[in-house]
Amino acid sequence: MISPAQYLNQPEAVLSQVLTGKFADGLGKVMNVPDRADFDPMPWQSMAVWMLTQMKRWGYIKGAVDYKQIAEKVFLITDARKHMKDLGQPFTAGSAYTKHTIMGKAFDAAKPEDYLKSFAISKMG
């Protein structure tokens with residue numbers, strides 16, 4: 001469903017390997033690492049803030065950004081928790097903001113501009 005060009009534009013076999021963790025390592029071995037790709041269905045508002053920092057970093061957003069306001073309008077965590085409960089899925093109670101480590105770099109949603117300034121490369125003007 002997500003392999004066509006309008007989504008990820010990748011062969012189904014590639015996506016299957018990524019999602020299942022069974023893949024060729026490029027050195028002649030087949031690896032089986034089922035937890036290689038982690039997925040958390042919780043729509044963390046802190047992750048929405050991170051996404052916005054990346055949009056600003058690469059020039060898709062200009063000027064001041066009210067990260068928290070946008071995150072809370074888009075990532076409806078109360079609705080998500082209700083639906084997850086209805087489906088019998090575990091969900092995290094409490095804050096919609098958590099700390100993340102992305103590609104080895106700590107991200108704190110309370111300090112998005114500091115995070116943005118920590119990159120040597122960006123298209124911010």
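**Surface, helix packing and salt bridges in a predicted model**

Student: What is the relative accessible area of Ile2?

Tutor: The model is a predicted one. Ile2 is placed in the segment before helix H1 (12-20). Buried residues have under 20% relative accessible area and exposed ones over 50%, and Ile2 is classed as partly exposed because its relative accessible area is 43%.

Student: What is the area of the nonpolar surface patch that includes Ile2?

Tutor: A residue must have over 30% relative accessible area to enter a patch, and Ile2 has 43%. The patch joins Ile2 with Met1, Tyr7, Leu8, Val14, Val18 and Leu19. Its area is about 760 Å².

Student: How are helices H2 and H3 oriented: roughly parallel, roughly antiparallel, roughly perpendicular or oblique?

Tutor: H2 covers residues 45-57 and H3 covers residues 67-74, and their axes lie 9 Å apart at an angle of about 120 degrees. Roughly perpendicular ends at 115 degrees and roughly antiparallel begins over 145. The arrangement of H2 and H3 is therefore oblique.

Student: Is the crossing of H2 and H3 left-handed or right-handed?

Tutor: The two helices pack with their axes 9 Å apart. The handedness of the crossing of H2 and H3 is right-handed.

Student: How many residues apart in sequence are the parts that the pair Lys56 and Glu113 ties together?

Tutor: The side chains of Lys56 and Glu113 form a salt bridge, with N to O at 3.1 Å. Lys56 belongs to helix H2 and Glu113 to helix H5 (residues 112-117), so the separation in sequence of the parts they tie together is 57 residues.

Student: Which residue of the pair Lys56 and Glu113 is buried?

Tutor: The cut-off for buried is under 20% relative accessible area. Glu113, at 28%, is partly exposed. With 11%, the buried residue is Lys56.

Student: How far apart are the closest N and O atoms of Lys82 and Asp86?

Tutor: Both residues lie in helix H4 (residues 77-86), where four residues, about one turn of the helix, separate them. Lys82 is partly exposed at 49%, whereas Asp86 is exposed at 53%. In their salt bridge, the closest N and O atoms are apart by 2.7 Å.

Student: Which residue forms a salt bridge with Lys99?

Tutor: Lys99 is exposed, with 62% relative accessibility. Its partner is partly exposed at 23%. The closest N and O atoms are 3.5 Å apart, and the partner is Asp108.

Student: How many salt bridges does the count come to?

Tutor: The rule requires a side-chain nitrogen of Lys or Arg within 4 Å of a carboxyl oxygen of Asp or Glu. Among the pairs counted is Lys56 with Glu113, at 3.1 Å. The count comes to three.

Definitions and conventions: Residues numbered from 1 in each chain as written. Predicted model: local features only at pLDDT ≥ 70, side-chain atom pairs only at ≥ 80, totals over all residues. Heavy atoms only, no water. Patch = residues over 30% accessible without salt bridge, like charges linked within 9 Å, V, L, I, M, F, W, Y side chains within 5 Å. Areas by Shrake-Rupley, 256 points an atom, 1.4 Å probe, with all protein chains shown as cover. Buried < 20%, exposed > 50% of the residue type's maximum accessible area, 1.4 Å probe, protein only. Axes fitted to C-alpha atoms, helices over the stretch in contact; angles between N-to-C directions. Parallel < 35°, antiparallel > 145°, perpendicular 65-115°, else oblique. Left-handed = near helix turned anticlockwise from the far one by under 90°.
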